[in-house]
Structure formats: structure tokens, C-alpha cells
Amino acid sequence: MDSKEIRRILKSNHPEGYITSGQYRSNSYSVPYYVVATAKEGLFFYVNKRGSLDMELHLSWAAVPNTLYLRKDKNDKTYRTKKELLLTIFVGDKEGKMVAELIEGRRKLLPWTKFPWYRKIPGYRSQIVWKMVLASMFYFFFLGMFFAAALEDVEDDTKQAVKQPVVQTEAETEPKKSDSEAAKKKKAEELAAAKKAKAAEEKKKAALEKKKAEQEKKKLAQEKAKAEAKREAERKAKIAAQEKAKKEAAAKLAAQQEAEKKAEEAAQKAEQVAVATTQVSFDNCDDLRTEYPNGVPSSHPAYEAKMDRDKDNFACERN
């Protein structure tokens with residue numbers, strides 16, 4: 001997978017981002033790193049391993065320190081905190097400059113020269129312990145080789161001066177061989193310890209990323225549950241409102257029907273009263289019996305006392 005194909009893939013994943021090459025912390029340039037910077041999401045670090053493009057790390061802007069120290073080289077810019085190197089990016093092209101502008105526009109920058117002189121020595125720049133140990137071992141080894149070479153030259157000059165050949169016995173060479181093996185063993189143990197420390201640091205970083213992802217997932221689940229609860233409450237409130245409206249409509253209809261019924265009954269009763277109270281007058285019982293053959297009681301409108309001869313409250317009854 002060539003650089004153009006990688007940039008095409010990264011551009012499709014981050015259409016609003018800027019892409020450049022670089023490294024995170026002190027990772028080696030032997031592994032191709034790509035830095036993607038976006039105005040909203042922060043910095044993404046991708047690595048191309050055996051044709052597979054993987055995202056190694058995502059630094060949101062909140063995770064980038066507010067104050068950074070800047071060192072400028074010909075085509076590179078390196079940003080670091082007081083304790084360790086953060087990242088290096090290539091600024092020899094347009095997008096690399098845009099990445100630098102995004103970083104520098106969001107963070108306060110201080111000059112690199114404020115560090116002590118020894119922080120400029122390779123191996124001591126990042127202030128990572130295992131790197132400083134390896135650098136110290138390398139420098140001591142180099143100085144030891146230099147002084148050993150100088151000492152050998154002095155010994156050779158001395159041998160030539162006295163012209164006495166020196167023959168090393170097997171017993172004399174054995175301690176040197178043992179010392180060399182001990183140094184190799186010590187170096188291997190130190191390298192293993194440094195590797196173990198790096199692995200522990202990466203494991204801790206992975207655990208923090210995992211914890212952060214779980215917290216984000218939990219937060220999303222809580223927000224989703226709240227939204228579901230809110231929708232359910234709104235649905236129940238809507239159903240309750242509909243039920244209440246139905247009940248009110250039914251009660252209103254029942255009240256209207258009851259009122260209509262009462263009005264109808266009142267009208268009928270009024271009609272009956274009007275009929276009952278209509279004055280009916282007859283001259284005598286013969287006339288009354290033509291309408292009411294059996295006579296009428298005292299509650300009837302046609303009743304008249306003059307027709308109730310026996311005063312039993314019933315007029316014109318047949319004997």
C-alpha cells in the first residue's frame with residue numbers, strides 16, 4: 001500500500017482533516033506513521049504495518065496539554081510537554097503546515113530553548129527513563145571503547161619501548177571473557193527491563209483507553225435509556241390525554257342526552273298539565289256523560305260541585 005493510497009483512505013475516513021507524516025511520542029520512523037488533524041475531533045495516529053492501515057491512537061483536543069514546547073527543524077516540528085515528547089510532524093507540504101496551524105492555533109507555545117542543556121542530547125530529550133538508561137549505556141560504552149583504544153595504544157607504545165613480547169596465558173584471558181559475558185548479560189537484562197517497562201506503559205495506556213471507551217459506552221446507554229423513558233412517558237401522557245378527552249366527550253354527550261331527556265319530559269309534563277288545566281264546562285250531567293259516561297272525580301277539570309249531589313267528590317257517577 002503506497003503513500004497515495006493511504007492518504008486516499010485517510011481522506012475518505014476524515015474528509016475535513018489534514019494529513020501528514022510524523023511520529024507519536026518517540027516511536028521509530030522505521031514504522032510509517034500518519035497524523036490526521038481535524039478541527040473538531042483532534043489528532044489521529046495511523047500506522048502502516050505490512051500493508052494494513054491501523055489507527056494506533058486518537059488524541060482529542062481535551063487530551064492535548066494546553067501548553068506545548070516547540071522545536072523547529074528544516075521540515076519537522078516537534079511538540080513536547082515539560083516531561084516528555086508528544087509528537088513530531090512533517091511540515092514540508094501544505095497539509096503538514098495546516099496540521100501545525102491547527103495545533104498551534106489551539107495551544108499556547110513556548111520555545112524549546114527553555115530546557116536545560118542536557119535535554120538537547122539525543123536520548124535525554126523525551127525524559128523517558130528507559131531511553132535515558134539506554135542512552136547512558138551507549139555513551140558510557142562509547143567512552144569506554146575510546147579510553148580502551150587509547151589505553152591499548154599506550155600499551156603498544158610501552159611494549160615497543162621495552163621490546164618485551166607479552167604472552168597472555170589462558171588464565172589471564174579467562175577473566176576478560178567472563179567480564180564480557182557479564183556485561184552482555186547485564187545489557188540484556190537492562191534491555192529486557194526497558195522492554196518490560198514499555199510493555200507495562202502500553203498496557204496501562206490500553207487500560208485507560210478501554211476504561212474511557214466503557215465510560216463513553218455507559219454514558220451513551222444512559223442517554224439512550226433517558227430518551228426511551230422520556231418517549232415512553234410522552235406516549236403514556238398522550239394516551240392518558242386521549243382517554244381523558246374520550247371520557248370528557250362521553251360525559252358531555254351523556255349530560256347533553258340527559259338534558260335533552262329532561263327537557264322532553266318537562267315538555268311532555270307541561271303539555272299534560274296544559275291539557276289537564278284546560279277548563280271544560282258542561283251544563284248538566286247529561287252533557288257531561290256524553291263525554292265522560294262514568295262521571296269525573298273532583299281532580300278532573302270538568303268536575304263541578306253543582307253536579308256532585310251526594311258530595312262524594314265524584315260528579316255525575318252512575319248509580
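This passage describes confidence, a pocket, aromatic contacts and unusual backbone angles in a predicted model.

Across the protein, the mean pLDDT is 83, and 84% of the residues reach 70 or more. Confidence is not uniform along the chain, for the lowest mean, 80, belongs to H3, whereas helix H2, which covers residues 94–106, has the highest, at 92. As a general caution, the predicted coordinates should not be read in detail where pLDDT is low.

The second largest pocket encloses a space of about 250 Å³. Its lining is made up of Leu134, Met137, Phe138, Phe141, Ala183, Lys184, Lys186, Lys187, Glu190 and Leu191. Two elements, helix H3 (129–162) and helix H4 (170–276), each contribute two or more residues to this lining, and H4 supplies the largest share, with six residues. In terms of residue class, six of the lining residues are nonpolar and four are charged, while no polar residue takes part. Two members of the lining, Phe141 and Lys187, are also related by a contact between a charge and a ring, in that Lys187 lies over the face of Phe141 at 6.0 Å from the ring centre.

Aromatic contacts form a further feature of the model, which holds four aromatic pairs. In one of these, Phe138 and Tyr139 are arranged edge-to-face, with 5.7 Å from centre to centre and an angle of 65° between the planes. Phe138 is also among the residues that line the second largest pocket, and its partner Tyr139 counts as partly exposed because its relative accessibility is 28%, a value between the limits of 20% and 50%. The pair of Phe146 and Phe147 has ring centres 5.7 Å apart and planes at 70°, and it is therefore classed as edge-to-face, for which the angle has to be over 60 degrees. Both Phe146 and Phe147 are exposed.

Turning to the backbone, most residues other than glycine have a negative phi. Asn313, although not a glycine, has a positive phi of about 65°, and this residue is placed in the loop between strand S9 (296–297) and strand S10 (314–315). A positive phi, of about 60°, is likewise found at Cys316, which is not a glycine either. Cys316 lies in the segment after S10, and it counts as buried because its relative accessibility is 3%, which falls under the limit of 20%.

Key:
Residues are numbered from 1 along each chain as its sequence is written. This is a predicted model: local features need pLDDT of at least 70, side-chain atom pairs count only at pLDDT 80 or more; totals for chains, interfaces and linings use all residues. Side-chain values use heavy atoms; hydrogens and water are left out. Rings of Phe, Tyr and Trp (its six-membered ring) pair if their centres lie within 6.5 Å; planes under 30 degrees apart count as stacked, over 60 as edge-to-face and the rest as tilted. Buried means under 20% relative accessible area, exposed over 50%, partly exposed in between (1.4 Å probe, protein chains only). A charge sits over a ring if NZ of Lys or CZ of Arg is within 6 Å of the ring centre and within 35 degrees of the ring normal. On a 1 Å grid over the protein atoms alone, a cavity is a set of points where a 1.4 Å probe fits but cannot get out, and a pocket is an open set with protein on both sides within 12 Å along at least five of seven lines; lining residues have an atom within 4 Å of a point. Grid points are joined across faces, edges and corners, and a volume is the space filled by probe spheres set on the points. Helices (H or I, at least four residues) and strands (E, at least two) are DSSP runs, numbered from the N terminus. Ala, Val, Leu, Ile, Met, Phe, Trp, Tyr, Cys and Pro count as nonpolar, Asp, Glu, Lys and Arg as charged, and the others, Gly among them, as polar. pLDDT is the predictor's confidence in each residue, from 0 to 100.
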